[in-house]
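Please consider the protein shown below, together with its sequence. The paragraphs that follow lead through its charged pairs, one helix and its strands.

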Amino acid sequence: MHLMKIDPRALKDNPDDARRSKSSPQADALMLATIKAVGIIQPPVVSPETDGGNSFIIQAGHRRTRGAIAAEFDEIEVLVDNAAEDGGAMRSMVENIAREPLNPVDQWRAIERLVALAWSEEGIAAALSLPVRQIRKLRLLANVLPAMLDQMARGDMPDERQLRTIAAASFDEQKQVWKAHKPKRDETTSWWSVANGLSKTRMYARDASFDDELAQAYGIAWVEDLFAPADEDSRYTTDVEAFLGAQQEWMTNNLPKGGIITEVSGWNGPDLPKKAERVYGKPKKSDHTAMYLDRDGKVQSVVYRMPEPKAVTGKQSSDKTEEGGAAALPAQRPDVTQKGQDMIGDFRTDALHEALGRAPIEDDTLMALLVIAFAGNNVRVDTGTGNSISFRNRIAPLAASLVDETGKLSFDMDGLRVAVRSVLVEVLSCRRNMSNSGIVSRIAGDVVGADSFLPNMGTEDFLLCLSRQALEAACAETSVQPRNKVRETRAALVEHFREASFVHASALFAPDANELADWKARNEIVEDQDEDAGDMEAPADETEAGDTGLTTVPEAFLEAAE
């Protein structure tokens with residue numbers, strides 16, 4: 001075996017090389033960057049052609065050779081060895097399998113050594129074809145207790161969020177928590193417990209209303225969260241008291257005329273003055289502004305309105321009349337008493353229900369009335385749109401646009417369609433919280449073809465939620481082969497779906513056949529045989545999703561449907 005220099009373009013690939021699959025573009029970029037920065041550290045191994053040719057066959061180092069060609073090297077050093085009896089099959093197999101990448105702790109130690117040798121973070125990133133942000137992440141390990149580093153070096157690593165929490169704590173705090181949660185021999189660490197014991201409340205710069213000058217006055221030093229997404233302001237501080245003090249001073253300096261600074265009530269809303277009414281629409285000049293800090297430390301403001309002062313009556317009115325010299329008018333009885341108004345409300349409701357059940361109504365009128373009905377004072381919907389404005393206050397303007405100044409319906413079909421679509425958007429939700437509409441949202445999504453609007457789920461965040469079996473099932477529909485390790489399979493799928501779209505079967509809208517049949521059976525329409533049951537009251541044991549017992553419908557509606 002001897003060294004020699006040769007043009008890398010003169011070397012021939014080994015047709016029996018064990019590695020046939022192409023390497024990823026990221027791996028090739030890393031190889032090229034390192035070759036340009038430090039050259040080829042380990043020369044490729046070659047052997048003379050056995051069929052009488054004058055060329056050399058690459059036994060080990062195909063990617064290094066391609067990297068040298070891409071780097072436009074005229075010559076590289078190679079180790080010349082005689083060809084093995086098996087054509088180098090075993091050597092090629094061992095050379096590609098018997099490898100172990102550096103764990104993050106060793107990577108960090110190597111980076112620190114390079115920094116000590118006057119390498120800059122930018123230079124290291126360029127040589128390794130990595131973002132500078134990734135180099136800074138690894139350097140965070142300098143803030144981790146050495147005992148924890150030893151555990152991490154064994155392959156027992158926390159996830160990025162846990163590592164961020166650990167690195168943000170002091171060594172004394174880490175030592176105390178590690179003493180309580182240090183694993184026994186041959187056991188893995190409960191990094192969640194460690195991070196939970198070290199977690200501190202973070203106040204983010206993106207939530208601050210004050211400027212840098214006020215932050216400096218309060219001694220706030222921002223720390224960058226290197227594990228956060230790169231496209232957002234991830235600076236934070238754990239000095240909660242200073243952050244809230246700066247927010248309070250900013251509110252004091254920017255409080256509108258006649259405004260107040262208040263506290264948060266038990267419902268995470270402002271504690272307004274007694275009898276004050278919160279204004280959700282366009283404010284008047286006489287309205288007031290209340291500013292407060294929510295539970296995340298953000299400055300919020302609301303507009304409220306105080307009731308008009310009541311007219312003075314009784315003895316006070318007589319006294320003022322004598323002082324002013326004018327005679328007060330005697331109080332008059334209203335045309336209809338409160339009880340009469342209640343009776344009118346009952347009469348109107350019964351007549352409205354009868355007309356809705358029997359009177360002929362055009363389809364477009366029915367659609368408009370449905371929008372108007374959703375704007376009623378008795379309607380409450382837990383919307384899934386994430387809007388902070390109440391459902392009724394969002395629908396009321398749409399309903400008002402369908403009615404003219406005389407109270408008659410006045411609309412065009414385009415405006416009506418927009419209103420109906422907006423109502424459906426606000427009402428229907430598949431979120432797993434109190435806004436969940438249940439199976440009806442799945443049915444609606446299937447009808448309107450919402451499957452085609454689902455985003456690409458082939459991302460790291462979503463694929464982390466899938467089991468090994470589910471990941472391998474996803475591989476079956478692609479050219480990706482399952483790996484021995486789940487994380488490698490996941491990484492391969494993420495790379496594959498960068499150029500394609502992946503939607504997991506469980507995310508499709510079509511409802512399960514058994515679930516749909518059960519829902520239809522429990523909500524079957526039957527004629528109401530009881531005259532007193534025409535009010536369509538819901539059963540007492542109705543669930544949140546509305547999937548309850550048999551529904552009874554008044555005869556008037558059945559006759560109208562016929």
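In this predicted model, Asp414 counts as exposed, because its relative accessibility is 56% and the cut-off for exposed is over 50%. Asp414 forms a salt bridge with Arg417, and the closest N and O atoms of the pair are 3.1 Å apart. Arg417, at 40% relative accessibility, counts as partly exposed. Both residues belong to helix H17 (residues 413-427); because they are three residues apart there, about one helical turn separates them. The general geometry of helices explains such an arrangement. An α-helix has 3.6 residues a turn, so residues three or four places apart point the same way.

A second pair within a helix is that of Arg468 and Glu472, whose side chains meet in a salt bridge (3.9 Å, N to O). These two residues are four residues apart in helix H20, and therefore about one helical turn separates them. Arg468 is partly exposed, with a relative accessible area of 37%, and Glu472 also counts as partly exposed, at 34% relative accessibility. Elsewhere, salt bridges that share partners join Glu112, Glu121, Glu122, Arg136 and Arg139 into one network.

Helix H20 deserves attention beyond this pair. Which residues of H20 (residues 468-476) are buried? They are Leu471, Ala474 and Cys475. Viewed down the helix axis, these buried residues fall within an arc of 105°, so they line one face of H20. Gln469 and Ala476, on the other side of H20, are exposed. The cover over the buried residues of H20 includes two helices, H19 (460-463) and H21 (486-496).

The salt bridges are not confined to residues within one helix. The structure holds 14 salt bridges, and one of them joins Arg305 to Asp287, with the closest N and O atoms 2.7 Å apart. This pair links distant parts of the chain: Arg305 lies in strand E12, Asp287 lies in the loop between E10 and E11, and the two are 18 residues apart. Arg305 is partly exposed, with a relative accessible area of 27%. Asp287, in contrast, counts as buried because its relative accessibility is 11%, and buried means under 20%.

Arg305 also leads to the pairing of strands. Strands of a sheet pair through backbone hydrogen bonds, either parallel or antiparallel. Strand E10 (residues 277-279) and E12 run antiparallel and are joined by three bridges; in E12, Arg305 is the bridge partner of Glu277. E12 pairs with E11 as well, in the antiparallel sense and over six bridges. Here Leu293 stands opposite Val299 in E12. E11 and E12 form a hairpin with five residues between them, and Gly297 in the turn has a positive phi of about 85°.

The connection between these two strands contains another acidic residue. Asp294 is found in the loop between strand E11 (288-293) and strand E12 (299-305). What is the nearest side chain of opposite charge to the buried Asp294? It is that of Lys298, which is 5.5 Å away, and Asp294 has no salt bridge. The cut-off explains this result: a salt bridge requires a side-chain nitrogen of Lys or Arg within 4 Å of a carboxyl oxygen of Asp or Glu. The side chain of Asp294 does, however, reach two backbone nitrogens: that of Asp296 at 3.0 Å and that of Lys298 at 2.8 Å.

A further set of strands forms an open sheet of three, in the order E6-E8-E7 and with antiparallel pairing. Strand E6 (203-204) and strand E7 (223-224) stand at the edges, each with a single partner strand, so one side of each has no neighbour in the sheet. E7 and strand E8 (residues 235-237) run antiparallel and are joined by two bridges. Within this pairing, Glu224 has Arg235 in E8 as its bridge partner.

The chain before E6 provides the last example. Lys200 is found in the loop between helix H10 (191-198) and E6, and is partly exposed, with a relative accessible area of 44%. Once its neighbours within four places in sequence are left aside, Lys200 is in contact with Glu173 and Thr238. Lys200 and Asp239 are 39 residues apart in sequence, while their C-alpha atoms are 9.5 Å apart in space.

Technical notes. Residues numbered from 1 in each chain as written. Predicted model: local features only at pLDDT ≥ 70, side-chain atom pairs only at ≥ 80, totals over all residues. Heavy atoms only, no water. Buried < 20%, exposed > 50% of the residue type's maximum accessible area, 1.4 Å probe, protein only. Lys, Arg positive; Asp, Glu negative; His and termini not counted. Polar contact = N/O pair within 3.5 Å; in protein donor to acceptor, adjacent residues only side chain to side chain. Arc of directions from axis to C-beta. Contact = heavy atoms within 4.5 Å. Pairing = 2+ DSSP bridges.
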